[in-house]
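Biologist: I would like to learn how to read a protein model with DNA in it. Where do we start?

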There are 2 protein chains.
Amino acid sequence: MDYLSRTEELLLLAVWKLQDEAYGLAVRRHLSKLLGKEMSVGAVYVPLERLVRNGLLETWESEPTQKRGGRRKRFYRLTPQGMAALNAVKQLQESAWQNLPSLGLNLAS
Amino acid sequence: MDYLSRTEELLLLAVWKLQDEAYGLAVRRHLSKLLGKEMSVGAVYVPLERLVRNGLLETWESEPTQKRGGRRKRFYRLTPQGMAALNAVKQLQESAWQNLPSLGLNLAS
DNA sequence: AGGTTTCTTCTACGGAGTAAAACAAATAGG
DNA sequence: CCTATTTGTTTTACTCCGTAGAAGAAACCT
């Protein structure tokens, strides 16, 4: 389609929103809340890696934190390409929703 | 994902927009223009039929018109379910794009 | 009639989306 | 300590979506 899929868009936005706390499980929590439905682990990590492979995200590993179970995390951040893709899809969205005739009143077809 | 995919959303919006002229090839022309790229025939008809199967569109056949090559068309119209799905995805979209931190200025992390 | 145009149906395939198990590594607490 | 628990990532496998393109169908025109 040449445009971001919905999933990709939501993932990129989640990474953006979470800023310096954008790692796999945090993204999952964020989106699960937004969608009102628990997402599976794979539904997050797999497409996230695809976005990295396609150059829309960049990623790196951090040191472990000092919290219960806290271990090495893999963080994500938008690339310029990622931002551009978000802008493109937003514009698409806006044009697609413009000038919709009001339903119901089919006068004189 | 429980929400419309981008493709489904664009197809539903095209059907809505085209009103009583919403048939396969017209939808294709409309979307090709919106996307700035010629879509294949199958990229339109196949998902359209899926939307019918899932109850988001209803469809029926018309009589041929009196135009060169004009033949029987299969028209589409949104069902209430289809409208509801569009509303849902629009709200999702709006919440997903809200409260995004401005990039660049990572002050005092 | 034959060719052209408009439109739909069919088919086949690659890749996205998802669930779930397996794996890994840190901490807490007795 | 040393084991259970928590937090997190990687891997795998499967289903269904998205897409291209050929094939089929039926009208019109000259």
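**Reading the DNA side and the chain pair**

Modeller: We start with the DNA atoms. Of the atoms of DNA strand D within 4 Å of the protein, 65% belong to sugar or phosphate, and the rest belong to bases. Keep in mind that this is a predicted model.

Biologist: Which residues come nearest to DNA strand D?

Modeller: There are 30 residues around DNA strand D, and the nearest are M1(A), Y23(A), Y45(A), R74(A) and R71(B). By class, this surface is evenly split: ten nonpolar, ten polar and ten charged residues.

Biologist: Which side chains have a polar atom by a base nitrogen of DNA strand D?

Modeller: Two cases can be named, one from each chain. R71(A) has a polar side-chain atom 3.0 Å from a base nitrogen of DNA strand D. For R71(B), the distance from a polar side-chain atom to a base nitrogen of the strand is 2.5 Å.

Biologist: What about a phosphate oxygen of DNA strand D?

Modeller: Take T7(B): one of its polar side-chain atoms lies 3.4 Å from a phosphate oxygen of DNA strand D. Next, look at the elements behind such a surface. Those that give two or more residues to the surface near DNA strand D are α2 (24-35) and α3 (42-53) of chain A, together with α3 (42-53) of chain B. The largest share comes from α3(B), with five residues.

Biologist: Now the two protein chains. How is the size of an interface given?

Modeller: It is often given as the accessible area lost when the parts come together. Here chain A and chain B bury about 3200 Å² between them, and 66% of that is on carbon and sulfur atoms. Counted by residues, 33 of chain A are in contact with 33 of chain B.

Biologist: How many salt bridges are there between chain A and chain B?

Modeller: The count is four. One salt bridge joins the side chains of K37(B) and D2(A), at 4.0 Å from N to O. For polar contacts between the two chains, the count is 16 residue pairs, with both residues at pLDDT 80 or more.

Biologist: Which elements of chain A give two or more residues to the side that touches chain B?

Modeller: They are α1 (6-18), α2 and α4 (80-96) of chain A. The most comes from α4(A), which gives eight residues.

Biologist: And what is that side made of, by class?

Modeller: The side of chain A that touches chain B has 17 nonpolar, nine polar and seven charged residues.

Notes. Residues numbered from 1 in each chain as written. Chains lettered and ligands numbered in written order. Predicted model: local features only at pLDDT ≥ 70, side-chain atom pairs only at ≥ 80, totals over all residues. Heavy atoms only, no water. Near = heavy atom within 4 Å. Polar contact = N/O pair within 3.5 Å; in protein donor to acceptor, adjacent residues only side chain to side chain. Helix = DSSP H or I, 4+ residues; strand = E, 2+ residues; numbered from the N terminus. Nonpolar A, V, L, I, M, F, W, Y, C, P; charged D, E, K, R; others polar. Contact = heavy atoms within 4.5 Å. Buried area = accessible area lost by both parts, 1.4 Å probe.
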